[in-house]
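Subject: A structure for you to explore

Hi there,

Here is the structure I promised to pass on. Have a look around it first, then read on for what turned up.

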Amino acid sequence: MDNQNIRQTPVRPNELVEPGEAFTQLEKRRTTATTGGASAHYDVIVIGAGQAGLVTGYHLQRRGLRFVILDGGARVGDPWRQRWDSLRLFTPARYDGLSGMPFPGPEWYFPTKDEMGDYLESYAAKFSLPVRLGARVERLTQRDGAFVVEGQGGGKRFELSAAQVVVAMSSYQRKRIPAFAKELRPGIVQLHSLDYRNPAQLGAGGVLVVGAGNSGAEIALEAARNGRETWMAGRDVGNVPFEIEGTASRLILSKLVIGFVFHHVLTVKTPMGRKLRPTIISRGAPLIRLKPKQLDAAGVKRVARVAGVRDGLPVLDDGTVLDVGTVVWSTGFDHGLQWVDLPGFLGDDHEPRHASGISTTHPGLYYVGQHFLHSFSSTMIRGVSRDGARIAKAAAERVAELGETQRMIAA
Ligand SMILES: Cc1cc2nc3c(=O)[nH]c(=O)nc-3n(C[C@H](O)[C@H](O)[C@H](O)COP(=O)(O)OP(=O)(O)OC[C@H]3O[C@@H](n4cnc5c(N)ncnc54)[C@H](O)[C@@H]3O)c2cc1C
């Protein structure tokens, strides 16, 4: 694709932020509490400046709310840039734009991960979203009725407070690796899919990819095409039964599946969506781009689940021991919300308790980006705009509600 549109507006990361001392000064000037306690400087603090946080910011801005977006990363778009080198999105450009800014280029182009990262950076710049980079939140708690956000930024600690907080990030923040991984021989190269970049990282000998979801399948295919003997372990997650990049997909199937089923049918509002939600959350999505026949053709061997380690080597459920040089753990992620210090915010399933992103335990707390937040599409670019708009509306209504209460108290 000619991606000049993305690159036409080069953005230096620090143009997006109010850095260091300037930020601190600005903080001091923002002393007017709108709601919930004397030190509440913002109507809303958004944590995370990925697509979830940026699009939520876009909608908060349109509603005239005062907010800041905090992110621990160095540059907007980095979660995308830091994925493996050959990654191209499985969603075409027509489903890769956020509210107010379509993804540039032909609608059936499948962007690279860097183009997606650059798009997000341009999005933040286009709407002058108040992103504060290098600001890692280490604790979210409540004091005197306000949320308190504590963390590190620019080598200093910060503490901000607000009546409302949006936790805006995917459920893919931390690696999940089985405990028996540490029993593997030291000579075996081990990587999580979050750290995989390209085949140059693979050790000598065969490669075992553990986990057969979208990431595992793409990495296994790349290893096999690179001439490595490759095994892929794990349960079959199923696959979307058409070629995502084919003509039929363009004409109808992508529109039907990504555009309609993932977004309007598989939602918490439908019996089918509610039934499938727990399975999708615990098992992940079906293969979207890859087909089993492509893996077979490349020579990827499908094997049973990895049960543990024997004599320093991975052993499968059926007792087979694999003598491999590399294990790629494509075993999923943890939402990484250990820094949230709010009693009872997680349910028995260790997922945040919410209704379509609105916390059911802490009024004024919201989530955007988490898997199946409202619909199957919620963790995808396609669904996050609708979720961000809903949360911004709820936040604006709460500001109005609390403002009215304060006026009544003052009167
Ligand atoms: C390999 C892979 C491929 C994917 N491909 C597609 C695709 O083709 N199409 C599609 O629609 N979706 C795809 N997705 C799903 C989804 O679009 C991406 O995961 C996307 O990055 C999610 O964006 P996000 O903003 O919700 O979260 P993230 O991208 O995870 O961003 C979260 C942000 O929050 C920040 N953060 C986290 N914790 C803190 C903290 N404590 N303090 C401050 N900041 C913090 C991080 O620095 C980060 O910038 C893919 C996902 C993966 C893993």
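Before counting anything, it helps to know that helices (H or I, at least four residues) and strands (E, at least two) are DSSP runs, numbered from the N terminus. Counted that way, the protein has 10 helices and 18 strands. Please keep in mind that this is a predicted model.

**How far to trust it**

The mean pLDDT of the protein is 88, and 88% of its residues reach 70 or more. Two stretches fall well outside that picture. Over residues 1-40 the pLDDT stays under 50, although the model has 71 contacts beyond four places in sequence for them. Over residues 407-411 the pLDDT also stays under 50, and there the model has zero contacts beyond four places in sequence. Where pLDDT is low, the predicted coordinates should not be read in detail.

**The protein as a whole**

The protein has 411 residues, and 42% of them are buried. If you take the contacts between residues at least 6 apart in sequence, 67% join residues at least 24 apart.

**A sheet of five strands**

In which order do the strands of the open sheet lie? The order is E8-E14-E9-E10-E11, and the pairing is parallel. At the edges sit strand E8 (189-192) and strand E11 (301-303), each of which pairs on one side only. From one strand to the next, the twist averages 20 degrees.

If you zoom in on one edge, you will find E8 paired with strand E14 (residues 326-329) in the parallel sense over four bridges. One bridge to look for joins Val189 to its partner in E14, Thr326. Helix H6 (residues 214-225) packs on the sheet and touches strand E9 (207-210), strand E10 (230-233) and E14. The direction of H6 makes about 170 degrees with that of E10.

**A hairpin**

For a contrast in direction, turn to strand E4 (residues 135-143) and strand E5 (residues 146-153), which run antiparallel and are joined by eight bridges. Ala135 has Gly153 as its bridge partner in E5. Two residues lie between the strands of this hairpin, and Asp144 takes a positive phi near 50 degrees there.

**Three helices to compare by eye**

Start with helix H5 (residues 113-126). Its 14 residues reach 20 Å from the first C-alpha to the last, close to the 20 Å expected at 1.5 Å a residue. H5 is mostly covered, with 10 of its 14 residues buried. Among them are Met116, Leu120 and Tyr123. Just after H5 comes Ser128, with a positive phi of about 45 degrees.

Next is helix H7 (residues 247-265). How far apart are the end C-alpha atoms of H7? They are only 24 Å apart, short of the 27 Å that a straight helix of its 19 residues would reach at 1.5 Å a residue. H7 also bends by about 60 degrees at Leu253. Its buried residues are Ser254, Val257, Ile258, Phe262 and His263.

Gly259 is found in H7 too. Is Gly259 buried or partly exposed? A residue is buried if 20 or more other C-beta atoms lie within 10 Å of its own, and exposed if 12 or fewer do. Gly259 has 17 other C-beta atoms within 10 Å, so it is partly exposed. Setting aside residues up to four places away in sequence, Gly259 touches Tyr95 and Ser254. The C-alpha atoms of Gly259 and Arg382 are separated by 7.7 Å, though these residues are 123 residues apart along the chain.

The third is helix H8 (residues 271-283), whose 13 residues should span 18 Å at 1.5 Å a residue; the end C-alpha atoms are 19 Å apart, which agrees. H8 still has a kink of about 35 degrees at Arg277, shortly before the proline Pro278. After H8 comes Gly284, with a positive phi near 90 degrees.

**One last residue**

Finally, find Lys393 in helix H10 (residues 381-410). Lys393 has 13 other C-beta atoms within 10 Å, so it counts as partly exposed. Its C-alpha atom is separated by 9.9 Å from that of Thr56, which is 337 residues away along the chain.

Enjoy exploring!

Best wishes

How values were computed. Residues numbered from 1 in each chain as written. Predicted model: local features only at pLDDT ≥ 70, side-chain atom pairs only at ≥ 80, totals over all residues. Pairing = 2+ DSSP bridges. Axes fitted to C-alpha atoms, helices over the stretch in contact; angles between N-to-C directions. Contact = placed C-beta atoms within 7 Å. Expected span 1.5 Å × (residues − 1). Bend = angle between axes of the 7 residues up to and from the residue. pLDDT = per-residue confidence, 0-100.
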